[in-house]
Amino acid sequence: MKQYKELSPPPRTIMTPGPVEVDPRVLRALSYPILGQFDPAFTELMNETMEMLRGLFVTDNQWCYPIDGTSRSGLEAVLVSIIEPGDRVLVPIYGRFGHLLTEIAERCGAEVMTLETQWGTVFDPEQVKDAIRQFRPAIVAMVHGETSTGCMQPLREIGHFCREQDVLLVVDAVATIGGVPLYTDDWKLDAVIGGTQKCLSVPSGMAPITYNERIERKILARKSIERGLRTPGDEVNSRRISSNYFDLAQLQDYWSPARLNHHTEATSMLYGLREGLRILHQEGLDARFERHRQNGAAIVAGVKAMGLELFGGDEQRLPVVTCIEIPQGVDGERVRSMLLDDFGIEIASSFGPLKGRIWRIGSMGYSSSRKNVLHVLGALEATLIHHGVNVPAGQAVQAALQIYAGKEEVIC
Ligand SMILES: Cc1ncc(COP(=O)(O)O)c(C=O)c1O
């Protein structure tokens, strides 16, 4: 048989909006021996993970657990479990991932109304409130931090309004959870979906979610026990959730003391997530938010010092993703290739209307460090000069150092 060389990924500094570098402690946890999924030693780890997730989402919700799959599996699990054909769903869109929510809601058979604003801007909460008054949706689905545009939507006012109007609010916090303040209970968010491969710095492959009893009521009304697990008297529910894998009514049974069998748990990923959450609890949420804010501010200061244009306004900036307009006449992909090949640094391009127009520098999780920020700014400056861009030499790193010295302009 053909022989293949040993796996040896090149060392990288990953400054994209995900996946990002993973803490070596998490990598170690991923390599521990497998436990059976009903072994009490493992179910204890499951319970601890749920408890730590309550701290991450800042909630008293009983239901906080990961879906096995990438972040969109969490989005899909929540939406398919609560949307019934014909339900009205409002999706305010300000970037690529609002379109993803729309797509999922449509596939669930919802009557979807979208509200769009130009990429690089966010909504005035009044616009969303007006759309709710007009359309009278059962559910609003929104993105908290848009990695495609580097913008962040304030949600507190929208959350309180949805609660007053008895509308369920589902939030994609894939990019923000663990890096940017988000308060599930205080903001009255009914369901929140996070991501592992961004500010939590765990590999991609799980999606932590939380939801409250308002969502749970909807899910339980659709509960149907799987064929093969039914006992006499268990009926098929005519409102049954159309996905088996993403059926939260079954999944919450699996995560409850009943431990009703569903899928085979992704044991190693759970070890990784638990270690990532343990690190977050040790650092403390506020300290973690401050680290992300400061590193984002240092990147912004460095980019401005190079004379480059930031994409999107300062007010709605997502502190963990800095978007930069590619200067006229510069081939953005050649710059990215040089950063990767000569400096071992990865930054991102963007999608849709922003393809070829902006670069995106992420500063998330373990990648959100002073070392990485100074490294990427120095490398970007050298690369731009190499490509003939008129950039003042040496200013970017100095501007970032000023931020670290405490001489900050408020940007987030
Ligand atoms: C805001 C947001 N939502 C959803 C997703 C989808 O996540 P995944 O690719 O892990 O399924 C991403 C991925 O980048 C994202 O940035």
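These are my notebook entries on one protein chain, taken from a predicted model.

**Entry 1: the whole chain**

I started with the overall numbers. I looked up the secondary structure and got 13 helices and 13 strands for the protein chain. Then I checked the box around the C-alpha atoms, which is roughly 75 × 60 × 45 Å along the principal axes. Is that chain a compact globule or not, going by its radius of gyration? A compact globule with 412 residues would come out near 22 Å, and the protein chain has 22 Å, so the two agree.

On burial, 49% of the 412 residues count as buried. I also looked at how far apart in sequence the contacting residues sit. Among contacts with a separation of 6 or more, 72% are between residues 24 or more positions apart.

**Entry 2: two domains**

Next I looked up the domain split. The assignment gives domain 1 as 22-280 and domain 2 as 284-404. Their centres, taken over C-alpha atoms, are separated by 30 Å. I then asked how many residues of domain 1 are in contact with domain 2. I found 25 residues of domain 1 in contact with 22 residues of domain 2. On the domain 1 side, the elements giving two or more residues to this contact are β6 (145-146) and β7 (151-152).

**Entry 3: the core**

I went for the largest nonpolar core, and it has 125 residues. Val 78, Leu 79, Ala 105, Ala 141 and Ile 209 have the most contacts inside it. The largest share comes from α10, with eight residues. Where does this core lie relative to the two domains? Domain 1 and domain 2 both give residues to it, so the core lies between them.

I picked Ala 105 for a closer look. Leaving out residues up to four places away in sequence, Ala 105 touches Leu 79, Ile 83, Val 89, Val 91, Ala 110, Val 112 and Ala 141.

**Entry 4: strand β5**

Ala 141 took me to β5 (residues 139-143), where five of the five residues are buried. Side chains in a regular strand alternate between the two faces of the sheet. I sorted β5 by face: Ile 139, Ala 141 and Val 143 are on one side, Val 140 and Met 142 are on the other, and all are buried.

Then I traced the neighbours. β5 pairs with β3 (residues 88-93) in the parallel sense over two bridges, and Val 89 has Ile 139 as its bridge partner. β5 also runs parallel to β8 (residues 168-172), with five bridges joining them. Here Ile 139 stands opposite Leu 168 of β8.

**Entry 5: Asp 87**

I stopped at Asp 87, in the loop between α3 (71-82) and β3. Is Asp 87 buried, partly exposed or exposed? I noted 18 other C-beta atoms within 10 Å, and Asp 87 is partly exposed; buried would take 20 or more. Setting aside residues up to four places away in sequence, Asp 87 touches Ala 110, Glu 111, Ala 138 and Ile 139. I also checked Asp 87 against Ala 41: they are 46 residues apart in sequence and 42 Å apart in space, C-alpha to C-alpha.

**Entry 6: strand β10**

Ile 209 from the core list sent me to β10 (residues 206-211), where six of the six residues are buried. Met 206, Pro 208 and Thr 210 sit on one side, and Ala 207, Ile 209 and Tyr 211 on the other.

The pairing of β10 is antiparallel with β2 (residues 63-68), over six bridges. Cys 64 has Thr 210 as its bridge partner. β9 (residues 191-193) also pairs with β10 in the antiparallel sense, over three bridges, and Ala 191 is matched with Tyr 211 there.

**Entry 7: helix α13**

I finished on α13 (residues 395-404), where I listed Ala 396, Ala 399, Ala 400 and Ile 403 as buried. Why do they end up on the same side of α13? They cover an arc of only 95° around the axis, which puts them on the same side. An α-helix has 3.6 residues a turn, so residues three or four places apart point the same way. What covers the buried residues of α13 includes α10 (285-305) and α12 (370-386). Last check: Gly 406 follows α13, and its phi is positive, near 95°.

Technical notes:
Residues numbered from 1 in each chain as written. Predicted model: local features only at pLDDT ≥ 70, side-chain atom pairs only at ≥ 80, totals over all residues. Buried ≥ 20, exposed ≤ 12 C-beta atoms within 10 Å, placed from the backbone. Helix = DSSP H or I, 4+ residues; strand = E, 2+ residues; numbered from the N terminus. Arc of directions from axis to C-beta. Contact = placed C-beta atoms within 7 Å. Rg over C-alpha atoms; globule rule 2.2 N^0.38 Å. Pairing = 2+ DSSP bridges. Core = buried A, V, L, I, M, F, W, Y, C linked by C-beta atoms within 7 Å. Domains from an automatic or database assignment.
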